[in-house]
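Reader: I have just opened this one and would like someone to walk me through it. Could we take it slowly?

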Amino acid sequence: MTDLTEILVRFRMYKYAVTADIEKAFLHIELDVDDRDVTRFYWLENPMDTESRLITYRFKVVLFGATCSPFMLSATLMKHFRDNPSTTSTELQRNVYVDNVLTSFTDKQSLLKFYTESRKLLSEAGFNLRSWNSNSTELQNVAGRDKIGDNDDIVKILGMRWDRESDDLKFQQIEFMEKDKMITKDSDSGEIISIESGQAICNSQLPNIFVESLAVNPDVVQSDDDEDEYKDEDIIDWKQAKVMDSQIAPFVRYVREGRKPTTADVGSSLLLRQFQHLILKDGVLYRHDDL
């Protein structure tokens, strides 16, 4: 991919700067049928029922988040640009980073020409250039008329912030947490534990039995058609994890109802001792070691 520093320098080189991005770029690149099996994943047959069986899906297009996805997008775009040589395609080759386009021009005519030709060129490959933003009023008006403009005065530029009114490029301001408010492993103020779908996602301070139940590899899930592929101990681990999850879920209910469970309720004196450290506030489960 193009060097970030070079792109930023060219973006700041001339009077009229412009940015845009490719809409849902990865999803417009179809995977070869023979390659789709490597993108298989498990999902609940009925997402509303956590006890429903798991079924297998696979992606038909390049998925967002895979390590190789930016390369596949870049290779696809570069081939399209090389197959359609022009001043605009050369400009795009030099100034595209993943799905972001940013460059600058000396005059408004060149800027508006790039707007028209780049949109046409990418549309021929099934891509849509959107979220156009510029310090040129003329381009802003044209993009607004075409309903693909971005009217934000502060624009995100490859991890930085561009103020198009003042034409300043800045780093995003970082607010550091005060030392006495920082959450650490040894903090008495407690650590935040998110709750997702009624299950507590526990951190390393809680017993290992909690963590293990939420770190099960989905590859060991038993299914109807490939049961023989998995070892008996893998299937046992999965079943045991489901039991652990059922022990975690009541904790959330007891905290919400404001009542203390008994050993008979949670099935373990170890789990019962952990309960006294938990409180629920605004949908978040907190652990307090000082209780």
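**A first walk through the model**

Author: Let me begin with a single residue: Glu30 is exposed, with a relative accessible area of 58%. Please keep in mind throughout that this is a predicted model.

Reader: Okay, and which side chain does Glu30 meet in a salt bridge?

Author: The partner of Glu30 is Arg36, and the N to O distance between the two side chains is 2.9 Å. Arg36 itself is buried, with a relative accessible area of 9%, so this salt bridge joins a buried residue to an exposed one.

Reader: How many salt bridges are there?

Author: The count comes to 13. One of them pairs Glu124 with Lys120 at 2.8 Å, N to O; there Glu124 is partly exposed at 47% relative accessibility, while Lys120 is exposed at 53%. Salt bridges with shared partners also link Asp21, Glu23 and Arg130 into one network.

Reader: Switching topic, what is the overall make-up, how many helices and strands?

Author: The protein has 9 helices and 14 strands, and 36% of its 291 residues count as buried. Among contacts with a separation of 6 or more, 57% are between residues 24 or more positions apart.

Reader: Which residues have the most contacts inside the largest nonpolar core?

Author: Those are Leu73, Leu77, Phe81 and Trp132, in a core of 30 residues. Several elements each supply at least two residues of this core, including strand S1 (16–22), helix H2 (69–83) and helix H4 (108–123), and H4 gives the most, with 5 residues. Apart from this core lies another, of 9 residues, among them Leu102 and Trp162.

Reader: Let's look at H2, then. Which of its residues are buried?

Author: In H2, the buried residues are Ser69, Leu73, Ser74, Leu77, Met78, His80 and Phe81. Seen down the helix axis they fall within an arc of 160°, so they line one face of H2. They pack against S1, helix H3 (87–95), strand S4 (96–97) and H4.

Reader: And what is on the other side of H2?

Author: Phe71 and Arg82 are exposed there. H2 also holds a salt bridge of its own, since Lys79 and Asp83 both lie in this helix, 4 residues apart, or about one turn, and their side chains meet at 2.8 Å, N to O. Lys79 is partly exposed, with a relative accessible area of 47%, and Asp83 is likewise partly exposed, at 49%.

Definitions and conventions
Residues numbered from 1 in each chain as written. Predicted model: local features only at pLDDT ≥ 70, side-chain atom pairs only at ≥ 80, totals over all residues. Heavy atoms only, no water. Buried < 20%, exposed > 50% of the residue type's maximum accessible area, 1.4 Å probe, protein only. Contact = heavy atoms within 4.5 Å. Core = buried A, V, L, I, M, F, W, Y, C linked by side-chain atoms within 4.5 Å. Arc of directions from axis to C-beta. Salt bridge = Lys/Arg side-chain N within 4 Å of Asp/Glu carboxyl O.
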